[in-house]
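Please report on the fold shown below, covering its domains, nonpolar cores and salt bridges.

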Amino acid sequence: MNPYILTTLLFGLGLGTTLTFASSHWLLAWMGLEINTLAILPLMARHYHPRAVEATTKYFLTQAAAAATLLFATMTNAWLTGQWDIQQMTHPLPTTMIIVALALKIGLAPVHSWLPEVLQGLDLTTGLILSTWQKLAPFALLMQIQTTNPTPLIIMGLLSTLVGGWGGLNQTQLRKILAYSSIAHLGWMVLILQFSPTLTLLTLLAYILMTLSMFLIFKMNKATTINALAISWSKTPALTALTPLILLSLGGLPPLTGFMPKWLILQEFTKQDLPLLATLAALTALLSLYFYLRLSYAMTLTMFPNNLVGATPWRLYNSQLTLPLATSTTATILLLPLTPAALALLTT
């Protein structure tokens with residue numbers, strides 16, 4: 001792709017998200033979401049491949065439906081209450097419609113089925129943008145909606161953690177596994193949203209950090225299936241030793257960074273006198289942990305036959321920058337002791 005066009009599209013991505021962040025009017029927020037969607041579509045379709053075109057079409061139709069629902073809901077709210085302000089949502093009907101529209105935007109269950117299919121058709125770089133940056137603007141809107149009825153969010157959050165764990169069990173494609181991982185993590189964020197928006201923000205930042213590490217590792221190894229991970233030892237042996245730690249961090253095991261948001265969320269549930277919700281959320285996390293362990297097993301405990309084809313990658317030079325990967329990997333593994341500092345920064 002022409003570098004000038006690429007720069008313009010990336011600028012559009014940043015502009016759309018920033019516009020949504022800065023807006024207090026629903027029309028301006030909707031405009032930011034539309035700019036965001038239109039900017040990423042050429043990035044998704046830049047590889048002239050049927051799968052990429054199919055993924056782009058599915059993404060466009062899904063986002064268009066979500067944007068239309070959002071616009072209809074905000075107009076209904078203005079008609080019923082006379083308010084266009086994002087933080088002045090008082091009527092339950094448009095509020096619920098807006099929550100459903102934003103859930104469709106980010107891929108929450110039960111409106112999640114587009115996300116694995118779209119992510120599977122993209123290259124790893126565009127998939128990383130879709131899994132991280134594209135979640136920011138809808139979450140900024142979700143965090144500003146003060147709803148008096150948290151039940152829809154709790155139902156969607158629990159369903160997402162369950163679907164995200166269940167759907168990834170039988171997958172062999174890494175991008176689909178990361179898509180179901182995204183759905184499960186989004187479920188945790190939405191579960192705690194009405195009780196502690198600070199924890200939602202902390203969980204989102206931790207998710208972005210861990211997902212960035214995984215996408216960069218798969219990009220370094222040029223791996224898109226589980227079988228391709230079995231020969232990663234011949235390409236990057238040191239990284240292959242660290243990758244299971246990153247996967248376990250995604251699963252939320254101590255003493256890794258990913259344990260921090262799950263620990264604080266379960267603690268907040270017990271403070272809110274919701275032991276059943278905490279128990280169900282913790283049990284659904286076990287499903288996700290299974291396929292993270294499956295990936296770790298494929299990388300470290302299975303060895304591809306040591307033939308010439310398997311050893312050839314030693315002699316190939318990889319042009320990918322290693323500093324972002326090293327930084328994100330270190331942060332994904334070692335940030336748990338900084339939990340009090342992270343909470344202090346987010347609460348001030």
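The report that follows takes up the domains, the cores, one loop residue and the salt bridges in turn.

**Domains and their interface**

The model is a predicted one. Its chain is divided into domain 1 (1-123) and domain 2, the latter made of two segments, 149-308 + 320-347. Taken over C-alpha atoms, the centres of domain 1 and domain 2 lie 24 Å apart.

On the side of domain 1, 14 residues are in contact with 17 residues of domain 2. The size of an interface is often given as the accessible area lost when the parts come together. Here the area buried between domain 1 and domain 2 is about 1500 Å², and carbon and sulfur atoms give 75% of that area. Polar links are also present: the count between the two domains is 5 residue pairs in polar contact, both residues being at pLDDT 80 or more. Helices α4 (92-106) and α5 (114-120) each supply at least two residues of the side of domain 1 that touches domain 2. The largest share of that side, 5 residues, comes from α5. Between domain 1 and domain 2 the count of salt bridges is 1.

**Nonpolar cores**

In soluble globular proteins, nonpolar side chains tend to be buried together. In this model the largest nonpolar core has 52 residues, and Tyr59, Val118 and Phe218 have the most contacts inside it. Helix α10 (residues 197-221) gives the most to this core, with 8 residues. The core draws at least three residues from each of domain 1 and domain 2. Leaving aside neighbours within four places in sequence, Phe218 is in contact with Leu124, Leu174, Leu178, Ala223 and Leu229. Another core, of 29 residues, lies apart from the largest one; among its members are Ala73, Leu142, Val190 and Leu193.

**A loop residue**

Leu169 sits in the loop between α8 (151-167) and α9 (174-193). Its relative accessible area is 24%, so Leu169 is partly exposed. Not counting residues up to four places away in sequence, Leu169 touches Leu287, Tyr290, Phe291 and Arg294. The C-alpha atoms of Leu169 and Ser24 are separated by 41 Å, with these positions 145 residues apart along the chain.

**Salt bridges**

Side chains of opposite charge can pair when their charged atoms come close. The structure holds 5 salt bridges, including the three tabulated here.

| Pair | Closest N to O distance |
|---|---|
| Asp123 and Arg46 | 3.3 Å |
| Lys58 and Glu54 | 2.9 Å |
| Glu117 and Lys176 | 3.4 Å |

Asp123 and Arg46 link distant parts of the chain, 77 residues apart: Asp123 is in the loop between α5 and α6 (124-131), Arg46 in the loop between α2 (26-44) and α3 (50-81). Arg46 counts as partly exposed because its relative accessibility is 27%.

Which helix holds both Lys58 and Glu54? Both residues are in helix α3, and because they are 4 residues apart there, about one helical turn separates them. Lys58 is partly exposed, with a relative accessible area of 30%, and Glu54 counts as partly exposed at 35%.

Glu117 and Lys176 also join distant parts of the chain: Glu117 is in helix α5 and Lys176 in helix α9, 59 residues apart. Glu117 counts as partly exposed at 31% relative accessibility, whereas Lys176, at 17%, counts as buried. Salt bridges that share partners join Arg51, Glu54, Lys58, Glu117 and Lys176 into one network.

Terms used: Residues are numbered from 1 along each chain as its sequence is written. This is a predicted model: local features need pLDDT of at least 70, side-chain atom pairs count only at pLDDT 80 or more; totals for chains, interfaces and linings use all residues. Side-chain values use heavy atoms; hydrogens and water are left out. A nonpolar core is a set of buried Ala, Val, Leu, Ile, Met, Phe, Trp, Tyr and Cys residues joined through side-chain atoms within 4.5 Å. Buried means under 20% relative accessible area, exposed over 50%, partly exposed in between (1.4 Å probe, protein chains only). Domain bounds come from an automatic or database domain assignment. Contact means heavy atoms within 4.5 Å. Buried area is the accessible area (1.4 Å probe) that two parts lose on being put together, summed over both. A salt bridge is a side-chain nitrogen of Lys or Arg within 4 Å of a carboxyl oxygen of Asp or Glu. A polar contact is a pair of N or O atoms within 3.5 Å; within protein, one must be able to donate a hydrogen and the other to accept it, and residues adjacent in sequence count only if both atoms are side-chain atoms.
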